Amino acid sequence: MPIRLNNVSFTYSQGTPFERHALRNVDLSIADGEFVGIIGQTGSGKSTLVQMFNGLIKPTSGSVIVNDILTTAKGVKLKPLREQVGLVFQFAEYQLFAETVAADIAFGPQNQGLSPEEVCRRVDQALVTVGLPVEIKDRSPFELSGGQMRRVAVAGVLAMNPKVFILDEPTAGLDPQGRDDILSQIAKLHKERGITVILVSHSMEDVARLVDRVIVIHEGELKYDGRPADVFRHGAELKSMGLGVPQATEVLQQLRSRGWNVPEVALTVEEAKTAILLALRDRGYKG
Ligand code: ADP
Ligand code: MG
């Protein structure tokens, strides 16, 4: 399910006093199996952008083509697209509605016309994937903790077996444990099933550690699109956009400004440590 955006702009409430330009001239393509991170300040257009990917929002100008389907074409059927491009909304737990966890997760696959047995299998599998015990099935989603509710929402989208899996700030508001759990499950899913994963995040650490490609959005425009090691080199520019770089990179960039011979970017603490030890050796430190 390759995704291609050509010169996409989007304006909310066009022609009214509330008009808001959310995206401007965005060009972008995402190939099968990529793991892409999208970062940008609040209000930069990330959520608007990802809703283009499954046709929920259509461009005001420009075109969006998903798997050869032009989302703005007349009479185009978007239901198959929405099943194959699964989107977990920001604060998705607010959209839980059914009486039981199982019924909530089953909603999507049921609408796909699968047999009850297959639906049941999908529900169980999705629960395991998000790390929830199968016993939770008969509970009300509203009795669960925030982190558990978030996982139920993630499971509901996964149960449709999407080919592209989009998560809009899936860790926002979770404690560090819940955050790490969800992220490692997402990484595992990408590795094991090879599906395209698109992760909207405001954590530079998470993006640096997980994704193969980072897209930076600022005031509706695509500012950077590249490998994390290349994008995070632009520390000063990212800061001017209200963003940062991973802490490991920050440390190296500070050392460089003091004349140390270290690389500009480290994506993990481990990488920074290795670089600093090498530089220390260079400086004749024998520790
Ligand atoms: P992000 O996800 O990066 O926080 P959004 O895509 O939600 O950004 O929003 C981009 C811009 O569009 C913001 O200025 C926001 O206020 C505006 N916006 C978002 N949703 C709506 C809406 N439903 N109606 C009007 N303006 C909106
Ligand atoms: Mg958003």
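How many nonpolar, polar and charged residues are there, by class, in the lining of the largest pocket? The answer is given in point 2, after a remark on the model.

1. The structure under review is a predicted model. The points below treat its two largest pockets in turn, then ligand 1, and finally the enclosed space.

2. The lining of the largest pocket comprises 13 nonpolar, 7 polar and 4 charged residues. The volume of this pocket is about 620 Å³. Its lining consists of 24 residues, and those nearest the centre of the pocket are Leu87, Phe89, Phe107, Val157 and Met160. Two or more lining residues come from each of four elements: helix H2 (79-84), strand S6 (85-88), helix H3 (101-111) and helix H5 (146-158).

3. The second largest pocket has a volume of about 240 Å³. It is lined by 17 residues, and Thr42, Gly43, Ser44, Gly45 and Lys46 are the closest to its centre. Sorted by class, this lining holds 1 nonpolar, 11 polar and 5 charged residues.

4. Which elements supply at least two residues of the lining of the second largest pocket? They are S2 and H1. The largest share, 4 residues, is contributed by S2.

5. The second largest pocket is also where ligand 1 sits. The residues around ligand 1 are Tyr12, Arg20, Ala22, Gln41, Thr42, Gly43, Ser44, Gly45, Lys46, Ser47 and Thr48. Among these are Thr42, Gly43, Ser44, Gly45 and Lys46, the residues already named as closest to the centre of the pocket.

6. At least two residues of the shell around ligand 1 come from strand S2 (20-30), and at least two from helix H1 (46-52). Here H1 provides the largest share, with 3 residues, whereas in the lining of the pocket the largest share comes from S2. By class, the shell contains 2 nonpolar, 7 polar and 2 charged residues.

7. Three side chains deserve attention for their polar atoms. In Lys46, a polar side-chain atom lies 2.8 Å from an oxygen atom of ligand 1. In Ser47, an N or O atom of the side chain is 2.9 Å from an oxygen atom of ligand 1. In Thr48, a polar side-chain atom lies 2.5 Å from an oxygen atom of ligand 1. As for the ligand's surface, ligand 1 taken alone exposes 560 Å², and 67% of that is buried by the protein.

8. How many cavities of 30 Å³ or more are there? The count comes to 1 cavity. The volume of the largest cavity is about 70 Å³. Its lining is formed by Thr129, Val130, Val154, Leu158, Phe165, Ile182, Gln185, Ile186 and Leu189.

9. Both H5 and helix H6 (176-193) supply at least two residues of the lining of the largest cavity. The most is given by H6, with 4 residues. Helix H5 also gives two or more residues to the lining of the largest pocket. By class, the cavity lining has 7 nonpolar and 2 polar residues, and no charged residues.

10. To return to the opening question, the lining of the largest pocket has 13 nonpolar, 7 polar and 4 charged residues. For the second largest pocket, which holds ligand 1, the corresponding figures are 1 nonpolar, 11 polar and 5 charged.

Definitions and conventions
Residues numbered from 1 in each chain as written. Chains lettered and ligands numbered in written order. Predicted model: local features only at pLDDT ≥ 70, side-chain atom pairs only at ≥ 80, totals over all residues. Heavy atoms only, no water. Near = heavy atom within 4 Å. Polar contact = N/O pair within 3.5 Å; in protein donor to acceptor, adjacent residues only side chain to side chain. Areas by Shrake-Rupley, 256 points an atom, 1.4 Å probe, with all protein chains shown as cover. 1 Å grid on protein atoms, 1.4 Å probe; cavity = no way out; pocket = protein on both sides within 12 Å on 5 of 7 lines; lining within 4 Å. Sits in = over half its atoms within 2 Å of the grid points. Nonpolar A, V, L, I, M, F, W, Y, C, P; charged D, E, K, R; others polar. Points joined across faces, edges and corners; volume = space filled by probe spheres on them.
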